[in-house]
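Trainee: I'd like a close look at one part of this model, taken slowly. Could you start with the way a helix faces, and then show me what else is worth looking at?

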Amino acid sequence: MAAKNIVLLGATGSIGESTRRVVAKHPDKLNIVGIAGRNRWKELAEIAHEFDVKHVAIFDEANCRAAEQSGLFPEGTTFYPGLEGLTAISCLAEADMLVTAIVGTLSLKPTLAAIECGKDVALASKEILVMAGKVVMAAAKAKGVRILPMDSEHNAIFQCLQGERDIDVAKLILTASGGPFREFTAEQMKSVTKADALKHPNWDMGPKITIDSSTMANKGLEVIEAHWLFGKGRDQIQVVVHPQSIVHSMVQYVDGSILAHLSPPSMTFAIQHVLLYPERAEGVDATVDFTKMLSLDFRPPNYELFPCLRLAMEAMDAEGIAPAVFNASNEIAVDAFMADKIGYCDIPRIIEQTLAAVPACDPQGLDEILHADAEARRLAQTFFTSVHA
Ligand code: NAD
Ligand code: MG
């Protein structure tokens, strides 16, 4: 069988790197035809040489021009600047699959464009489903393309659902490591610094998702992501804290049987599963070693200590625009925290204030979602200035 051609949005990131390791392991099965990033074009040039890629999108237009003039890319490279560039590269004629691994919601338009062009999507960027799950899933259904989950929890669920009947599913059980502060008190939470929050106990990930994991906003986003991917309501999605991050998620069936997916905490397992699906091949990283002592613990989440998780659940219940508002205000708050503009406990406060301020509505299409997203971002900024006033 010919190798699967993939376009990789977010090639320089953490998921991008793991994706490249999987592709390098299976050059006969996988081929990167396009790469995209925000601005780190020297890294993109190295990647282009390593994988012989001739299509390169760079969001930042000045950096895209600099890259084009550098002479550092393989001969015959075509450059694609800006959001239009990301969108164009996502629809490359020779591509079979788009890997969406850009942090935040910027890849929404490129992903929708790829779906329109009939490409399957391997989705890491959960934020786009939280923002516009209805639109993305409807577009995929209309075009008959697959949205394959790369997020480890959703990939685990996807694997546990294989060969089963949807009607027999009782519950999706998402595991969460609980992040670095799972044993903290509310008092200790008040003095959390950026360096503390950027140290995840189990996973090595990009900065935004690492902060999101520490607040458990990430698990909140994932509950909403699971809703759109698997068509289950809040009453059928449960969160369980599992500090070892070995069980990546589970599916409970109506007879009480629970199927789980296990692997060490490396994204290469989920990424490879999606890229080769439905085939399997030798993995990149070593798997769980049962010749050594291994304990697996589970406990319910603490919603008081992690208000972001509660707020995400409430946003999901509220439906309509609320999940998009949750996501947008979280992005703004995390950026502000990273820029030392607000404290750690201001993150949930800003989300809560923004959710209360944006009027509820049931968006009929993308324009309304984009409008609410922009409004939530604008309002969230006003709240973080008032927090310190
Ligand atoms: P990261 O910060 O390591 O990398 C982000 C990537 O996005 C970089 O390649 C960067 O160049 C690119 N990017 C950012 N802004 C861009 C822009 N404006 N235009 C073009 N490219 C842009 O992030 P990550 O940890 O790899 O996460 C990427 C996505 O995958 C996020 O949505 C995250 O939630 C999701 N995800 C990550 C992990 C993980 O283990 N890292 C696990 C599950 C899901
Ligand atoms: Mg995850």
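Mentor: Let's begin with a word we need: a residue is buried when its relative accessible area is under 20%, exposed when it is over 50%, and partly exposed in between (1.4 Å probe, protein chains only). Helices (H or I, at least four residues) and strands (E, at least two) are DSSP runs, numbered from the N terminus. The model is predicted, so local features need pLDDT of at least 70 and side-chain atom pairs pLDDT 80 or more, while totals for chains, interfaces and linings use all residues. Residues are numbered from 1 along each chain as its sequence is written, chains are lettered from A and ligands numbered from 1 in the order written, and side-chain values use heavy atoms, without hydrogens or water.

Now find helix H2, which covers residues 41-51. Its buried residues are Trp41, Leu44, Ala45, Ile47, Ala48 and Phe51. These residues span an arc of only 165° around the axis (taken from the directions from the helix axis to the C-beta atoms), which puts them on the same side of H2. Turn to the other side of H2 and you meet Lys42, Glu46 and Glu50, which are exposed.

Next, look at the aromatic rings. Rings of Phe, Tyr and Trp (its six-membered ring) pair if their centres lie within 6.5 Å; planes under 30 degrees apart are stacked, over 60 edge-to-face, and the rest tilted. The whole structure holds 5 aromatic pairs. In one of them, phenylalanine 181 meets tyrosine 344 edge-to-face, with 5.5 Å from centre to centre and 80° between the planes. Phenylalanine 181 sits in the loop between strand S8 (169-176) and helix H8 (186-189), and tyrosine 344 in the loop between helix H14 (322-338) and helix H15 (346-357), so this pair ties together parts that are 163 residues apart in sequence. Both phenylalanine 181 and tyrosine 344 are buried. Ring pairs also join Phe181, Phe184, Phe337 and Tyr344 into a cluster.

Finally, go to the magnesium ion (ligand 2), whose protein donors are Asp151 (OD), Glu153 (OE) and Glu222 (OE), lying 2.1 to 2.2 Å from the ion. Donors are N, O and S atoms within 2.8 Å of the metal (3.2 Å for Na, K and Ca), and sites may look incomplete because water is not among the atoms. Along the sequence, the donor residues of this ion follow the spacing D-x1-E-x68-E. Of these residues, aspartate 151 and glutamate 153 are buried.
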